[in-house]
Amino acid sequence: IEEGVKMSGCLIAENNTPNCIVRVWLDALFLNNTVSGNRVDPAGQALAVLHGNPDLVNSIFYGNNATTIHVTGGSNPLILCCNIEGGKGSIFAYHPNYKGEFAGIYESNINCPPAFLDAENHNYELGPHSPCIDKGTSENWNTHLTSDILGLPRNADNTGRRVDIGAYEYQGDPLNRAPYIQ
């Protein structure tokens, strides 16, 4: 993702790569995405932040076999309301002046299995007991993101509470929910 680009509402799953699943350059926005079930070589990363201060908001980085986030070149991303496997400790920062300690903004994030509906069968929707439900932020970033990856409404429970973390907004029990007509 390059400077000024917004990547939102995407599922990045079940990929095999030798290096990195997602690379973010400069000041981009990575909003309401799910990155899970990917495989990279042992030295690879789920997400590499290179030379910039991107905003990583309402996204899931869980169930990949690599270092979750690798920050280089003095980058200081904002990581807000994300579900990051391993928490802040899984973010590796490298800069000539410091190694290992992440210096960016890290707020309101969780570190819990996302409780997908059925990831083994490629369904990365949030299950009814997912800790990602109502844990995202609606402030500033989501003014143009009114629907999820399936085109279903964000904040589907109409409670006025927060949006969900990840590409999918929980719509209720799939067996009992009414079909969505747009």
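I began with Gln 171, which I find in the segment after β18 (123–126); I keep in mind throughout that this is a predicted model. With a relative accessibility of 19%, Gln 171 counts as buried, because the cut-off for that class is under 20%. I then looked up what its side chain meets, and found that the side chain of Gln 171 reaches the backbone oxygen of Pro 153 at 3.1 Å. A polar atom of the Gln 171 side chain also lies 3.1 Å from the backbone oxygen of Glu 169.

Next I turned to Asn 33, which sits in the loop between β5 (29–31) and β6 (34–36). Is Asn 33 buried or exposed? I note a relative accessible area of 0%, so Asn 33 is buried. Leaving out residues up to four places away in sequence, I listed what Asn 33 touches: Met 7, Ser 8, Gly 9 and Cys 10, then Asn 58, Ser 59 and Ile 60, and finally Gly 166 and Ala 167. Two polar approaches stand in my notes for its side chain, one to the backbone oxygen of Met 7 at 2.9 Å and one in which a polar atom lies 3.3 Å from the backbone nitrogen of Gly 9. I also checked Val 57, which is 24 residues from Asn 33 along the chain, and the C-alpha atoms of the two are separated by 8.4 Å.

I went on to the nonpolar interior, where the largest nonpolar core has 22 residues, and those with the most contacts inside it are Leu 47, Ile 69 and Ile 79. The elements that give two or more residues to this core are β4 (20–25), β8 (45–50), β11 (67–72) and β14 (91–95). Apart from this core I recorded another, of 13 residues, among them Ala 13, Tyr 62, Tyr 168 and Tyr 170. As background, I recall that in soluble globular proteins nonpolar side chains tend to be buried together.

For Ile 79 I looked up the contacts beyond four places in sequence, and these are Leu 56, Ile 69, Ile 84, Ile 91, Phe 102, Ile 105, Tyr 106, Glu 107 and Asn 109.

Last, I searched the cysteines, and the structure holds zero disulfides. How far from Cys 81 is the nearest cysteine sulfur? That sulfur belongs to Cys 82 and is 7.5 Å away, and Cys 81 is in no disulfide. I noted that Cys 81 is buried, with a relative accessible area of 2%, and that Cys 20, at 11% relative accessibility, counts as buried too.

Terms used
Residues are numbered from 1 along each chain as its sequence is written. This is a predicted model: local features need pLDDT of at least 70, side-chain atom pairs count only at pLDDT 80 or more; totals for chains, interfaces and linings use all residues. Side-chain values use heavy atoms; hydrogens and water are left out. A nonpolar core is a set of buried Ala, Val, Leu, Ile, Met, Phe, Trp, Tyr and Cys residues joined through side-chain atoms within 4.5 Å. Buried means under 20% relative accessible area, exposed over 50%, partly exposed in between (1.4 Å probe, protein chains only). Helices (H or I, at least four residues) and strands (E, at least two) are DSSP runs, numbered from the N terminus. Contact means heavy atoms within 4.5 Å. A disulfide is a pair of cysteine sulfur atoms within 2.5 Å. A polar contact is a pair of N or O atoms within 3.5 Å; within protein, one must be able to donate a hydrogen and the other to accept it, and residues adjacent in sequence count only if both atoms are side-chain atoms.
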